[in-house]
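Visitor: Please pick one part of this structure and take me through it slowly. I'm new to this, so explain each term as you go.

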Amino acid sequence: MFSWRWQYIIPIISIFANIDFVVLPLIRSLGVGGLNLFLVVLPLALIELYAWYWFWDWFRKVAVPEMVAKKIAQDERVQEAISLGKEIKIELKQSGRLQQIVEYFFRTFSSATDENSRLFKKIRRGGHVVMFLMGAEPWPGGRTVGVIFCGATGWKRGFYTLALGNVVHVAYVVGLWNLIFSGF
């Protein structure tokens, strides 16, 4: 069911080349500090964050449907349901009720799935504050959850806010590593 793809290399590299705990201390040990360290690490941190976003976006669009589709296609009950659905469709089409049913479902569910609805706008508005805070927090957990959420839902604007918060995070972590290295 699981098939290996080159995209799975991205999380592996990102884990072992973690900016906060591997790359930043390595660059700091080479004598780069202060604002210079911030200016070197910031683009690397943003690239790392984008790589995670890209991976989760790809995973949502390609890997999950591929895995789910293979599993579902093999299920005998699903095949029976498809056959039944085709028969029902033919009967509804012949009776002239198919179009009426389709229009009913589009009217009923369009407000719940419309990204421009007031509800979605409120969620996104409040969500930007949360995304910024997740990006800015000193520990990696918030950014991890935030980037998975943004990538898995395809919320690009939320990712931009997360990245903006990540700038604050990088400044904090650079300051922390400068403090640690000044003790040696």
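Guide: Let's start with a word we'll lean on a lot: two residues are in contact when heavy atoms of theirs lie within 4.5 Å. You're looking at a predicted model, where local features need pLDDT of at least 70 and side-chain atom pairs count only at pLDDT 80 or more, while totals for chains, interfaces and linings use all residues. Residues are numbered from 1 along each chain as its sequence is written, and side-chain values use heavy atoms, with hydrogens and water left out.

The part I've picked is the meeting of H2 and H8. Helices (H or I, at least four residues) and strands (E, at least two) are DSSP runs, numbered from the N terminus. On the H2 side of this contact sit Asp20, Leu24, Pro25, Arg28 and Ser29, and they meet His169, Val173, Val174, Trp177, Asn178 and Phe181 of H8. Sorted by class, that makes six nonpolar, three polar and two charged residues. (Ala, Val, Leu, Ile, Met, Phe, Trp, Tyr, Cys and Pro count as nonpolar, Asp, Glu, Lys and Arg as charged, and the others, Gly among them, as polar.)

How do H2 and H8 lie against each other? Their axes come within 10 Å and cross at roughly 55°. An axis here is a line fitted to C-alpha atoms, for helices over the stretch in contact, and angles run from 0 to 180 degrees between N-to-C directions. Under 35 degrees counts as roughly parallel, over 145 as roughly antiparallel, 65 to 115 as roughly perpendicular, and the rest as oblique. H2 and H8 are therefore oblique to each other. The crossing of H2 and H8 is right-handed: the near helix is turned clockwise from the far one by less than a right angle, whereas anticlockwise would make it left-handed.

Now zoom in on Asp20, which belongs to H2. Asp20 counts as buried, because its relative accessibility is 9%. (Buried means under 20% relative accessible area, exposed over 50%, and partly exposed in between, with a 1.4 Å probe and protein chains only.) Setting aside neighbours within four places in sequence, Asp20 touches Pro25, Arg143, His169, Val173 and Trp177. Take Trp177: it is 157 residues from Asp20 along the chain, yet their C-alpha atoms are separated by 9.1 Å.

Ile180, in H8, gives you another pairing of this sort. The C-alpha atoms of Ile180 and Pro25 are 9.6 Å apart, with their places 155 residues apart along the chain. Ile180 has a relative accessibility of 35%, so it counts as partly exposed.

What else does H2 pack against? Try helix H3 (residues 34-74): its axis and that of helix H2 (residues 19-29) come within 11 Å and cross at roughly 150°. That makes H2 roughly antiparallel to H3. Here Ile19, Val23, Leu24, Ile27 and Arg28 of H2 meet Leu37, Val40, Val41, Leu44, Ala45 and Glu48 of H3. The tally for H2 with H3 is nine nonpolar, no polar and two charged.

Now follow H8 to its meeting with H7. Helix H7 (residues 140-153) and helix H8 (residues 156-182) pack at about 160°, their axes 9 Å apart, so H7 and H8 are roughly antiparallel. H7 passes H8 in a left-handed crossing. Arg143, Gly146, Val147 and Cys150 of H7 make this contact with Gly158, Phe159, Leu162, Asn166 and His169 of H8.

Two of those names come up again in the largest nonpolar core. (A nonpolar core is a set of buried Ala, Val, Leu, Ile, Met, Phe, Trp, Tyr and Cys residues joined through side-chain atoms within 4.5 Å.) It has 18 residues, and Tyr8, Phe55, Phe59, Val147 and Phe159 touch the most other members. H3, H7 and H8 each give two or more residues to this core, and H3 gives the most, with nine. Apart from it lies another core, of 13 residues, among them Val41, Ala45, Val173 and Val174.

Finally, step back: the chain has eight helices and zero strands, and buried residues make up 29% of its 184 residues. Of the contacts between residues at least 6 apart in sequence, 73% join residues at least 24 apart.
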